[in-house]
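This report concerns a two-chain model and some of its local backbone features. The sequence and structure are shown first.

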Amino acid sequence: MTKTITDVICPFCGTLCDDVEVVVSDDGKQLLEVYNACVIGTEKFLHSQSKDRVTRPRMHQPDGTWKEISYDEAAEYSAQMLAKAKKPLMFGWSSTNCEAQSVGNEIAEITRACCDNTAATCHGTSLIAIQDIGLPSCTLGEIKNRADRVIFWGCNPAHAHPRHMSRYSIFPRGFFTSKGQMSRKMIVVDPRVTDTAKMADVHLQVEQGMDYELLDALRVAFKGEWLPDVVAGIPKEKIREVADMMKSGRFGIIFFGMGVTQSLGKNHNIDAAIAVTKDLNEYTKFSIMPMRGHYNVTGSGEVFGWQFGFPYAVDLTRGFARYNPGDTSTIDLLVRGEVDAMFTIGSDPGAHFPISAVKQFAHIPSVCVDPHLTPTTGVSKLHVPVAFNGVEVGGNCYRMDNVPIDCRKVVEPPEGMLTDEQFLIKVRDRVRQLKGVA
Amino acid sequence: METVTITMKNPPALYLEADNVSPDAFAGKTAAQIGDLHVYEGNVTSTLGKYFEISGNAGATAADTKIVVKGDVKKVKYLGFKMSAGELVVEGSTDQYAGGWMTGGKMLVKGNVEAFAGTAMKGGELTIEGNAGNYLGAAYRGDWRGMTGGKILVKGNAGSDIGMYMLGGEMIINGNVDVHVCTHAEGGKVIIKGNAKTKIGGQMVDGTIFVFGTIDVMMPGFKPAGEVDMEVDGIKGKFAHYIGDTGERHKKKKGQIIYGNLYKKI
């Protein structure tokens with residue numbers, strides 16, 4: 001007999017779907033089938049069952065091979081590395097639960113480390129802009145029930161957040177949006193004709209790296225001021241048409257992704273997009289929301305914010321929290337050679353950082369805590385595999401609209417495997433001893 | 001004026017935060033006392049004397065003190081931090097926050113500086129003979145008050161985001177600049193003698209920018225407002241005048257809307 005577990009939370013993207021159903025074996029040790037999730041989410045659940053999974057910590061040997069060690073030995077190595085370093089870096093956190101993040105922050109505080117999350121390569125620039133001018137936002141539920149103007153700027157949910165449009169933004173029939181997609185106007189701003197762009201009522205094919213100019217042009221259009229004939233490859237008549245379309249809605253939402261946060265302009269693009277939202281609130285109700293990638297990157301920002309006062313790129317080396325991306329941000333720290341130890345958890349910088357930053361891993365002691373085999377585990381000195389968060393252990397996570405949702409455990413991890421939190425507690429306790437902290 | 005010379009002898013393995021290297025911190029101290037001032041390398045606190053050889057005693061006040069920094073200080077941050085008077089000469093290149101939060105005195109860097117030089121500067125003169133990095137004379141992260149006074153001169157090129165949230169003072173760049181100049185500025189004057197790229201004066205409320213060379217792409221919020229003959233930093237010429245950013249909020253004075261000004265040499 002098998003058991004079906006309903007209302008499971010999908011630990012893949014920031015949409016954090018909460019209607020997944022999984023079928024597990026009677027003894028709860030095997031996960032057999034996944035329903036309702038998108039193809040990526042399904043794969044995430046099923047990947048936990050792969051037969052070639054690494055189940056014990058491994059130490060990289062000088063000849064390139066791996067030697068299996070115990071969790072205690074792995075915790076000892078990690079604690080020694082962090083305690084000895086003058087400027088250790090603890091990076092990642094976005095694919096683990098808030099409980100583990102909080103233990104990690106304790107370690108960072110004791111060892112006076114720099115800590116950062118994956119916002120470094122995605123929405124960190126949004127967080128800079130939010131600090132500069134604020135964020136008029138809302139929840140995904142409000143969008144489902146109210147939004148009749150939906151703008152996707154530099155994001156492609158059809159591929160990156162596959163169920164976003166069906167659950168919240170375009171198709172659902174909400175309280176004031178009873179005709180589903182018929183009651184919404186969809187605008188996509190993207191230099192490429194993506195699958196999302198193909199669905200749009202209006203696709204503004206902005207020139208690469210010119211989003212800031214286009215956002216500024218929209219603000220000028222709202223005020224009815226003079227505009228040049230063409231801005232960022234879009235004729236001014238089109239810009240005025242889109243400006244009117246945005247103004248005429250009852251409730252609008254701008255979703256934005258990596259296309260604007262990591263292209264030329266970076267935080268200024270988001271700054272301008274928030275200013276557009278602010279301007280629109282003189283005519284109607286408008287909100288703006290970042291399309292967060294990892295399922296708990298938002299939670300990492302929340303935990304950092306709650307414990308240190310800043311959402312990412314926190315430098316604790318002087319005993320108090322400092323925050324200035326460019327100086328305290330991970331990629332800059334690595335590229336400039338500012339850190340002497342690297343602890344990675346719940347993230348894969350090896351696949352996403354510039355190669356000049358990844359090369360630094362080879363020069364400094366490094367630990368990677370990750371259930372998967374990734375480019376980062378490949379270049380780290382120590383790889384600590386752990387239970388899959390959201391599959392083999394529960395815990396608190398934050399959806400992209402800052403709504404906390406508890407993930408659920410659906411299947412047992414392989415025997416003897418620790419969770420992120422259990423491993424971090426071992427490291428924390430050892431670091432406390434080494435540093436003489438009670 | 002008394003001169004203190006500090007020479008890098010034991011370079012740090014990581015980066016040094018030397019926020020005590022300023023005439024204000026050195027004033028009234030002997031060479032030995034200066035050597036005892038703290039510096040930070042990561043989470044370790046040690047002394048200036050561990051890294052630098054120090055010769056000469058400081059004057060009684062900051063105004064009577066001149067500091068000369070010799071040797072390789074490319075990995076030293078915060079030189080001239082919060083200095084209010086006196087002189088500081090860096091013989092080579094230095095790292096971030098050079099002349100950050102300075103309120104007076106003169107600082108000269110003979111090489112290049114990295115990002116955040118002249119952050120939230122209030123007064124004095126900062127001269128960089130080489131190139132400057134990003135966020136020159138800008139606000140500290142999250143602050144809405146950038147440079148409010150003083151003068152910055154860069155003889156080489158400057159990076160992006162210069163003069164962000166600038167409120168006053170003057171900045172002259174003899175070379176070229178990268179994207180974003182005077183974003184969110186509400187005052188001050190920036191003169192770029194070389195070329196500018198894109199996003200010049202975005203979200204600018206007030207202030208003045210002069211560009212002698214080319215601008216790759218003008219912000220759509222800058223409206224042409226005729227041509228004027230002017231003398232800028234001793235150079236006479238005809239300039240195309242633009243006002244903006246028309247998409248941004250603006251103050252009113254005697255019923256007139258006050259815009260930011262952008263002058264491009266024709």
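The text below covers the chain contact, one helix and several backbone angles.

The model is predicted. In it, 31 residues of chain A are in contact with 29 residues of chain B. The side of chain B that touches chain A consists of twelve nonpolar, twelve polar and five charged residues.

Within chain A, helix H4 (residues 124-133) is mostly covered, with eight of its ten residues buried. Among the buried residues of H4(A) are Leu127(A), Ile128(A), Ala129(A) and Ile130(A), and also Asp132(A). The cover over the buried residues includes parts of chain A later in the sequence numbering: helix H11 (258-261), helix H12 (267-280), strand E14 (285-290) and helix H13 (297-308). After H4(A) comes Gly134(A), which has a positive phi near 90 degrees.

Two residues that are not glycine also have a positive phi; they are listed here.

| Residue | Phi | Place |
|---|---|---|
| Asp7(A) | about 50 degrees | strand E1 (residues 2-8) of chain A |
| Phe116(B) | about 65 degrees | loop between strand E9 (106-109) and strand E10 (125-128) of chain B |

Are these residues buried or exposed? Asp7(A) has 9 other C-beta atoms within 10 Å and is therefore exposed, the limit being 12 or fewer. Phe116(B) has 28 such atoms within 10 Å, so Phe116(B) is buried; the threshold for that class is 20 or more.

Chain B also contains a cis peptide bond, between Gly244(B) and Asp245(B), with omega about -10 degrees. Asp245(B) is placed in the loop between strand E16 (235-244) and strand E17 (252-253) of chain B.

Conventions:
Residues are numbered from 1 along each chain as its sequence is written. Chains are lettered from A and ligands numbered from 1 in the order in which they are written. This is a predicted model: local features need pLDDT of at least 70, side-chain atom pairs count only at pLDDT 80 or more; totals for chains, interfaces and linings use all residues. Two residues are in contact if their C-beta atoms, placed from the backbone, lie within 7 Å. Ala, Val, Leu, Ile, Met, Phe, Trp, Tyr, Cys and Pro count as nonpolar, Asp, Glu, Lys and Arg as charged, and the others, Gly among them, as polar. Helices (H or I, at least four residues) and strands (E, at least two) are DSSP runs, numbered from the N terminus.
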